[in-house]
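Biologist: I am new to this structure and would like a careful look at a single part of it, followed outward to whatever lies around that part.

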Amino acid sequence: MQTPPPLAPPLPTRRADLVAQLQADTVYDLAVVGGGATGLGLALDAASRGYRVVLVESDDFAKGTSSRSTKLVHGGVRYLAQGQLDLVREALHERSTLLRNAPHLAQALPFVMPTYAWWEKPFYGIGLKVYDALAGASGLGRTEFLSRQDTLACLPTVQAAGLRGGVKYWDGQFNDAKLALALARSAASQGALLLNRMRAERLLYTEGQVTGLQCTDTLTSQTHEIQARCVVNATGVWVDALREQDGSTQAMVAPSQGVHLVVDKSFWPNPEALMVPKTADGRVLFAVPWLGQVILGTTDTPRDDLAREPLAFEAEIDFILQESARYLKRAPGRPDVKSIWVGLRPLVKPPQSDGDNTKALSREHTVVVSRSGLVTVTGGKWTTYRAMAEDVLQKCVDHARLLPRGPAQTAHLPLFGAVGAVGAEAGPAVSLGEAEGAHSYGNEQTWLAQLPGANHWLTPSLSEAMVRFAARYEYALSVEDVLARRSRLLFLDARLAAQTAPAVGDILQSETGLDPDVQGFLKLAAQYRLD
């Protein structure tokens, strides 16, 4: 058998070098504003087709919605009930593609839906059998009808009173922020230039057509002009800010927030996730094992503001805890919450909608092209980021903003860390239900092990070498970058993250020479705690 070639070393992300590239006299084919799932997926798709691409993000990659999901890669069971079969079928196909291209960051996960009314098991079970049929060859496992005894065997900590049985089905879960970084690094390996902490201030025009951006480096206040044949606004819930500059008078997005609470795995030690399709007020409740803890959520609450760090409403916290108590034998209380985070969803607002009822707004993505040629994309979900990128590029070509460059390459393009990753052929060796560690780096564990501090553990799941890797190869500049998104410690245990911050700051400063903003992180970590 032929020995495979050695893996290429990771690409350095030294900021001074990246900014120097931006200063070059270059006309880009595509300038992307926004470093979340949509923007990063678009940058990878375009760069892999041979377009010259630059992406700017005002804060950090996946700082907003893209790091605050329920961590599920799913086809959308709720869309099935609404009869949106094409949307479900596409998402199921993309789910399979994502799990194949990033096996170290996305995996199959069994869900159990406990049933307490006589009609629930046949009603939801038949629906999930349809879900299986729509998945076809992309299915992850067969839906099963469970007896009361089988359900208790799967979920020994579920509320037993009144339990009649259950339904077991399969979907996926993932590490959203780490996947965003894998997209960014994969795009860079295809020739794209990506910069975080680079804020797009205004659009540039030539004869009424958008031809670039003026940006500000938020670390140095230096301004830069970027010339591009096509500019895409992929800023999620914030897309209307650039659209207003471009002359739009109608808001495109009605934001809705989803709250998630994290508790110790002892409250839900099962490898299966819990899914309640309809709570007391008609919402969906999840208990999802993730990185050694359990996520409880979520909510769907309209918001008028667009805060970078939105806070949960007290009623949302009470709702999640109260509903959890109805289904968990041992119910968590406020003192048990290790971390709380809030994500804003960019729900697409139909014309003349007041946006009061977010359940009626579209979760599908929307692409619009203005008279000036500004392309805006918003809506959608993580699972379909790759299909969204294809759609956006097709719109760019259809409106003569880009010349065609052949079909998409991303369906079979493994993301950073995936080629030869542990378990890439037969499933992951370590579940995403287990704590973080070197296994999260896939085939890049070899490079991680060569960095200083590989055996010096700051916490049981974060080593000194991981901090250095984040600074050298993952665009990390601050303590928040490391502890919120390169590691997920802030999202798992805010108190431990605060205790670890000074040590992380010292390592980062030695790597970058920049202020890692330890105090800013400590203030932020306090917002992720309920005590």
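Which residues in α15 meet which residues in α16?

Modeller: This is a predicted model, in which local features need pLDDT of at least 70 and side-chain atom pairs count only at pLDDT 80 or more, while totals for chains, interfaces and linings use all residues. Residues are numbered from 1 along each chain as its sequence is written, and side-chain values use heavy atoms, with hydrogens and water left out.

On the α15 side the residues are A494, A497, A498, A501, P502 and G505, and they meet V518, F521, L522 and A525 in α16 (contact means heavy atoms within 4.5 Å; helices are DSSP runs of H or I with at least four residues, numbered from the N terminus). By class, this contact of α15 with α16 has nine nonpolar residues, one polar and no charged ones (Ala, Val, Leu, Ile, Met, Phe, Trp, Tyr, Cys and Pro count as nonpolar, Asp, Glu, Lys and Arg as charged, the others, Gly among them, as polar). The axes of α15 and α16 come within 9 Å and cross at roughly 175 degrees (lines fitted to C-alpha atoms over the stretch in contact, with angles from 0 to 180 degrees between N-to-C directions), which means that α15 is roughly antiparallel to α16 (an angle over 145 degrees).

Both helices also take part in the second largest pocket, whose volume is about 640 Å³ (on a 1 Å grid, an open set of points with protein on both sides within 12 Å along at least five of seven lines, whereas a cavity is a set where a 1.4 Å probe fits but cannot get out; lining residues have an atom within 4 Å of a point; a volume is the space filled by probe spheres set on the points). Its lining has 33 residues, and R15, L219, L477, T512 and L514 lie nearest the centre. Two or more lining residues come from each of α1 (15-22), α12 (464-473), α13 (479-486), α15 (494-512) and α16 (518-527), with the largest share, four residues, given by α1. By class, this pocket lining has 15 nonpolar, seven polar and eleven charged residues.

As for enclosed space, there are four cavities of 30 Å³ or more. The largest cavity has a volume of about 100 Å³, and its lining includes H104, R185, F416 and E474; five nonpolar, three polar and four charged residues make up that lining. The second largest cavity holds about 50 Å³, with E436, S461, M466 and R486 among its lining residues.

Notes: Angles under 35 degrees count as roughly parallel, over 145 as roughly antiparallel, 65 to 115 as roughly perpendicular and the rest as oblique.
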